[in-house]
Amino acid sequence: MALRPRANAVAAVARAPAGSRAGRAEKARRAVAAPRPASQPAAVPELIVGLGANLGDARAALRGAVAALHALPGVQPRACSALWRSAPVDAPGEDYLNAVVSVSYPFSAQQALQQLQDIEQQAGRQRPYRHAPRTLDLDLLFWGDETIDT
């Protein structure tokens, strides 16, 4: 994994089509990002997570994921978007119910990714094939001022 300053990634997202994954990620970030003067760096990095589900009780799955994220040691809630629906991309199935959550997260991006995958597993997430319907999908959109290329 390579880390690079997020400013470059934001510039790339700004050029991304509005319906693309990068464009949706930046739109979601703006929806939950709290304004902060540039001269006042955050003491604890901000973690922004995209949530989605289209199997079973999606609303309950998202509610449970937000609660599990907020229950992690050292995590402080910042903001949560309203819920919205979107059609699946490149896959059949029901529409997704989505949200975005912002928290203060004092650990590394790699730890965040592992904890998000643990929450998905606890919710019964399976990965039978690419773009399969999901009981819960948690995407690490942003962490602090870094972007991770995977």
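In this predicted model, the side chains of Arg-134 and Asp-137 are joined by a polar contact of 3.3 Å. Arg-134 belongs to the loop between α4 and β6, and the same side chain of Arg-134 also reaches the backbone oxygen of Ala-132 at 3.3 Å. Is Arg-134 buried or exposed? With a relative accessible area of 15%, Arg-134 falls under the 20% limit and therefore counts as buried. Beyond its neighbours up to four places away in sequence, Arg-134 touches Ala-53, Asn-54, Leu-55, Tyr-96 and Arg-125.

## The loop between α4 and β6

Arg-125, which Arg-134 touches, likewise lies in the loop between α4 and β6. Its relative accessible area is 7%, so Arg-125 is buried. A polar atom of the Arg-125 side chain lies 3.4 Å from the backbone oxygen of Leu-136. When residues up to four places away in sequence are left out, the residues touched by Arg-125 are Glu-120, Arg-134, Thr-135, Leu-136 and Asp-137.

Thr-135 is another residue of the loop between α4 and β6. Because its relative accessibility is 23%, Thr-135 counts as partly exposed. Leaving aside neighbours within four places in sequence, Thr-135 is in contact with Ala-53, Leu-55, Ala-61, Ala-123, Gly-124 and Arg-125. For one of these residues, Leu-55, the separation from Thr-135 is 80 residues in sequence, while the two C-alpha atoms are 4.7 Å apart in space.

The table gathers the polar contacts made by these three side chains.

| Side chain | Partner | Distance |
|---|---|---|
| Arg-134 | side chain of Asp-137 | 3.3 Å |
| Arg-134 | backbone oxygen of Ala-132 | 3.3 Å |
| Arg-125 | backbone oxygen of Leu-136 | 3.4 Å |
| Thr-135 | backbone oxygen of Ala-123 | 3.4 Å |
| Thr-135 | backbone nitrogen of Arg-125 | 3.4 Å |

## The strand β2 and its partners

Why can β2 be called largely enclosed by the rest of the structure? Eight of the eight residues of this strand are buried, and that is the reason for the description. In a regular strand the side chains alternate between the two faces of the sheet. In β2, Glu-46, Ile-48, Gly-50 and Gly-52 point one way, whereas Leu-47, Val-49, Leu-51 and Ala-53 point the other way, and all are buried.

The strand β2 is joined to β5 by eight bridges, and these two strands run antiparallel. One of the paired positions is Glu-46, whose bridge partner in β5 is Ser-104. On β6, six bridges make the connection to β2, again with an antiparallel course, and here Val-49 has Leu-140 as its bridge partner.

## The nonpolar core

In soluble globular proteins, nonpolar side chains tend to be buried together. The largest nonpolar core of this model has 24 residues, of which Leu-47, Val-49, Leu-51, Leu-69, Val-103, Tyr-105 and Leu-138 touch the most other members. Two or more residues of the core come from each of β2 (46-53), α3 (58-70), β5 (96-104), α4 (109-122) and β6 (137-143). Which element gives the most to this core? That element is α3, with six residues.

Val-49 can serve as an example of a core residue. Not counting residues up to four places away in sequence, Val-49 touches Leu-69, Ala-99, Val-100, Val-101, Leu-116, Leu-138, Asp-139 and Leu-141.

Tyr-105 of the core is buried, with a relative accessible area of 1%, whereas Phe-107, at 32% relative accessibility, counts as partly exposed. The protein has one aromatic pair. In that pair, the rings of Tyr-105 and Phe-107 have centres 5.4 Å apart and planes at 80 degrees, so the arrangement is edge-to-face.

## The whole protein and the confidence of the model

The protein has four helices and seven strands, which follow one another from the N terminus in the order β-α-α-β-α-β-β-β-α-β-β. Of its 150 residues, 36% are buried. Among contacts with a separation of 6 or more, 69% are made by residues 24 or more positions apart.

The mean pLDDT of the protein is 78, and 71% of the residues reach 70 or more. Over residues 1-18 the pLDDT stays under 50, and for this stretch the model has 33 contacts beyond four places in sequence.

Methods. Residues numbered from 1 in each chain as written. Heavy atoms only, no water. Core = buried A, V, L, I, M, F, W, Y, C linked by side-chain atoms within 4.5 Å. Buried < 20%, exposed > 50% of the residue type's maximum accessible area, 1.4 Å probe, protein only. Contact = heavy atoms within 4.5 Å. Polar contact = N/O pair within 3.5 Å; in protein donor to acceptor, adjacent residues only side chain to side chain. Pairing = 2+ DSSP bridges. pLDDT = per-residue confidence, 0-100. Phe/Tyr/Trp six-rings, centres within 6.5 Å; stacked < 30°, edge-to-face > 60°.
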